[in-house]
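Hi everyone, thanks for making time this morning. I have one structure to walk through, so please get comfortable and have a look at the screen.

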Amino acid sequence: MNFENLRRRAGILILAATPPAIAGGGAITPDEAQQRLTDGNQRFSTGAATNPRCDEARRAETAEKGQNPFATVLTCSDSRVCAERIFDQGVGDVFTIRVAGNVSDTDEIGTIEYGVGHLHTPLLVVMGHSSCGAVGAV
Ligand SMILES: [Zn+2]
């Protein structure tokens, strides 16, 4: 499933969260952050995922220097919608909040605020998906 299909069918809501001057993720713009996700999803959906920035050097870098994600993503806990895989991103690239049904209450909203306000991610994505068991159970 490509990003545009995800956006239409899974109910992705994308919000530019932070002005680029103070943004995380290496100070990229919200548009650049969205393009990185779109490009990663294109690789994933065509079977060309590269699993970037997941090697030992990247893990050591993020352990030593901290994280600098370029997007905050609220998504479902469903094992089929792992944001890092769907967007083909690496360690430290995406600040992900996962909860069944991708709903937000006090804890999730506080975690989103941490991603946007403390980590300065320039992009906030709320990603639902089709055939969500949690939504169906409700
Ligand atoms: Zn779900």
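I'll go from confidence to overall layout, then to the core, and finish with a few individual residues.

Please keep in mind that this is a predicted model. The average pLDDT for the protein is 88, and 81% of the residues score at least 70. Where is confidence lowest, and where is it highest? The lowest is helix α1, residues 3–9, with a mean of 56, while the highest is β3, at 98. As a reminder, where pLDDT is low, the predicted coordinates should not be read in detail.

Now the layout. There are seven helices and four strands in the protein. Reading from the N terminus, the order is α-β-α-α-α-β-α-β-α-β-α. Of the 138 residues, 36% are buried. If you take contacts between residues at least 6 apart in sequence, 78% of them join residues at least 24 apart.

Let's go inside. The largest nonpolar core contains 22 residues, and Ala71 and Val73 have the most contacts within it. Several elements give two or more residues to this core: α3 (30–45), β2 (71–75), α5 (83–86), β3 (94–98), α6 (106–118) and β4 (123–127). Which of them gives the largest share? That is β4, with four residues. In general, nonpolar side chains in soluble globular proteins tend to be buried together.

Staying with β4, four of its five residues are buried, so this strand is largely enclosed by the rest of the structure. Strand β4 is joined to β2 by four bridges, and the two run parallel. If you want a spot to click on, Thr72 stands opposite Leu124 in β4. Then look at Val73: leaving aside neighbours within four places in sequence, Val73 is in contact with Ala83, Val94, Thr96, Val125 and Met127.

Next, two helices that make a nice pair to look at. What does α3 bury? The buried residues of α3 are Pro30, Ala33, Arg36, Leu37, Gly40, Asn41 and Phe44. Looking down the helix axis, those buried residues of α3 fall within an arc of 130°, so they line one face of the helix. For those of you who like a geometry check, α3 has 16 residues, which at 1.5 Å a residue should span 22 Å, and its end C-alpha atoms are 22 Å apart, in agreement. Helix α4, residues 56–65, is hardly covered: the number of buried residues among its 10 is zero.

On to the backbone. Gly47, just after α3, takes a positive phi of about 75°. Gly66, just after α4, also has a positive phi, of about 90°. Which residues have a positive phi although they are not glycine? One is Arg53, at about 50°, and another is Ser131, at about 55°. Arg53 sits in the loop between α3 and α4. With 15 C-beta neighbours inside 10 Å, Arg53 counts as partly exposed. Ser131 is in the loop between β4 and α7 (133–137). Ser131 has 9 C-beta neighbours inside 10 Å and therefore counts as exposed.

Two last residues, both with partners distant in sequence. Is Gln89, in the loop between α5 and β3, buried or exposed? Gln89 is buried, because 27 other C-beta atoms lie within 10 Å, and the cut-off for buried is 20 or more. Not counting residues up to four places away in sequence, Gln89 touches Gly40, Pro52, Glu84 and Val94. Gln89 and Asn41 are 48 residues apart in sequence, yet their C-alpha atoms are 9.0 Å apart in space.

The other one is Ala134, which lies in helix α7. Ala134 is partly exposed, with 14 other C-beta atoms within 10 Å. Leaving aside neighbours within four places in sequence, Ala134 is in contact with Cys76, Ala100 and Gly101. Ala134 and Asn102 are 32 residues apart in sequence and 8.8 Å apart in space, C-alpha to C-alpha.

To recap, the picture to take away is the 22-residue core, with β4 giving the largest share and running parallel to β2. Thanks for listening, and I'm happy to rotate the model for anyone who wants another look.

Note on methods:
Residues numbered from 1 in each chain as written. Predicted model: local features only at pLDDT ≥ 70, side-chain atom pairs only at ≥ 80, totals over all residues. Core = buried A, V, L, I, M, F, W, Y, C linked by C-beta atoms within 7 Å. Buried ≥ 20, exposed ≤ 12 C-beta atoms within 10 Å, placed from the backbone. Contact = placed C-beta atoms within 7 Å. Expected span 1.5 Å × (residues − 1). Arc of directions from axis to C-beta. pLDDT = per-residue confidence, 0-100. Pairing = 2+ DSSP bridges.
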